[in-house]
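The following exercises ask the reader to work through selected features of a protein model. Please consult the sequence and the coordinates shown here before reading each solution.

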Amino acid sequence: MASPPRSTASASWASRLPFYYGWVVVAVAFVTMAIGVNIRTAFSLLYPPLLEEFGWSRGETAATFTFGFVAGAAISPLLGMAMDRFGPRRVVPFGACVVAAGLLLATVTTRPWHMYLTQGVLVGGGSIIFTYIGHSMFLPHWFQRRRGLAIGIAFSGVGVGSILMFPWLQAIIGGAGWRQACWVLAGLALLVVAPLNVIFQRYRPEDLGLLPDGAAAPPEPAPAERGAAPAQAAAPDAEWTLRAALFSVPFWWIGAGYFCGLFAWYLVQVHQTKYLIEIGISPTAAAFALGFVPLCGIAGQIGLGHLSDRLGLQWVWTIASLGFALCYVLLLLLRVEPSLLVTYLMVAAQGGLGYGLTSVFGLIPAEIFQGRKYASIFGLISVLSVLGGAAGPWVAGVVQDMTGSYAPAFVLALLLSLVSIGCIWLAAPKTKRGRTRPASKAT
């Protein structure tokens, strides 16, 4: 018997695909992450030539990072609502245009506040639209059985992108200058990120007449079935609202866990190279160590993402957070005995384990709040995570200025990594697979 007709034209061509379209979504996300995250972090390559050309102080120039984090926190709730309403086909290309505008305007910078608005607000803040936070708002819709693996693969694009892009960008900066590098990055955003997402990206499988994991959507019910008595129809699960989520216990436990987790993540990311040089590691070795972190992160994100499908989300968050805790233990050990062996063990703990946080970053709230308002709710949770990412580097800088040592800040980050584990386990009861769900949904 012929299959029933789909309700849309897109559904008809989707039904003829020889593979599951969710993996197309993952592939587009992989490329987008490879470019998007590294556009943001490329500021570390622009930092030295900016100091040399303009003669600004390090603190004055580095404040660009702070403005990026603040802008990201401010737009996260709006991003969630926009993703729920318009989907990634419109939102991601818009973000690419915002970031490209920031990069192009940065080339005419003459004062620090110009850099704050361009590289800070437009590039740093705008990039969250198509990096970890933006993708975490829609990728979970596409998978049930292999969510962790799929998102781990998508996010591992960051490591691949850093390996390919950073040496290339450094060569451009050395040969043609930092402004030319900005033009190249803007071109990648406009000519690769934007078109790929306009053509291929989708918000949820239902947009193509599919269900998660590639299943075909059921046919539309016949008129008589649609008019069946309420007693004969199954009652749908109650949907989370923004207000209900804000007044729920899991929301705040997850928010606290994410604040602590990203505090630890960004503290070491920003201060690692400076610390290693100060304790006697050569600048070249310190630079290589920074580059190997995302390389190790490829294995960590894919491996721990796959493991989350088997063990559960809380266990993977625990393993990844313990990776950051171990990273800080090794950083403190390096003060006593600087060595390349300990340095690269620290890198392996940070990238191979710690970066696994990203593979479950969007899945933990999705297990509880997934529904029509999921992206909006995740946007509010992201405010707390972004604030944690902003606080970590700032606190470490203040502590180092006051005490002359990073050690107290490292100890604090170690403790917060452990606190983060407890928060995620307290977020909600676990199911048989270890995943979290609320005891009951509020409406």
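**Exercise 1.** Which backbone oxygen lies 2.8 Å from a polar atom of the side chain of Thr109?

*Solution.* The model is a predicted one, in which local features need pLDDT of at least 70 and side-chain atom pairs count only at pLDDT 80 or more, while totals for chains, interfaces and linings use all residues. Residues are numbered from 1 along each chain as its sequence is written, and side-chain values use heavy atoms, with hydrogens and water left out.

Step 1. Locate the residue: Thr109 sits in the loop between α5 (88–106) and α6 (112–125). Helices here are DSSP runs of H or I with at least four residues, numbered from the N terminus.

Step 2. Identify the partner: the backbone oxygen belongs to Ala106.

Step 3. Assess exposure: Thr109 has a relative accessibility of 3% and therefore counts as buried (under 20% relative accessible area, with a 1.4 Å probe and protein chains only).

Step 4. List the surroundings: leaving aside residues up to four places away in sequence, Thr109 touches Phe54, Trp56, His114, Met115, Thr118 and Arg179 (heavy atoms within 4.5 Å).

**Exercise 2.** Compare the span of helix α3 with its expected value, and describe what follows this helix.

*Solution.* Step 1. Helix α3 covers residues 43–54, which amounts to 12 residues.

Step 2. The expected span is 1.5 Å times one less than the number of residues; for α3 this gives 16 Å, and the distance from first to last C-alpha, 15 Å, is close to it.

Step 3. The buried residues of α3 are Phe43, Leu45, Leu46, Tyr47, Pro49, Leu50 and Leu51. After α3 comes Gly55, with a positive phi near 70 degrees.

**Exercise 3.** How many aromatic pairs does the structure hold? Classify the pair of Tyr258 and Phe361.

*Solution.* Step 1. There are 21 aromatic pairs. Rings of Phe, Tyr and Trp (its six-membered ring) pair if their centres lie within 6.5 Å; planes under 30 degrees apart count as stacked, over 60 as edge-to-face and the rest as tilted.

Step 2. The ring centres of Tyr258 and Phe361 are 4.7 Å apart and their planes meet at 25 degrees, so this pair is stacked.

Step 3. The pair joins distant parts of the chain, 103 residues apart: Tyr258 lies in helix α13 (residues 249–278) and Phe361 in helix α17 (residues 357–361).

Step 4. Tyr258 is buried at a relative accessible area of 0%, and Phe361, at 6%, also counts as buried.

Terms used. Helices (H or I, at least four residues) and strands (E, at least two) are DSSP runs, numbered from the N terminus. Buried means under 20% relative accessible area, exposed over 50%, partly exposed in between (1.4 Å probe, protein chains only).
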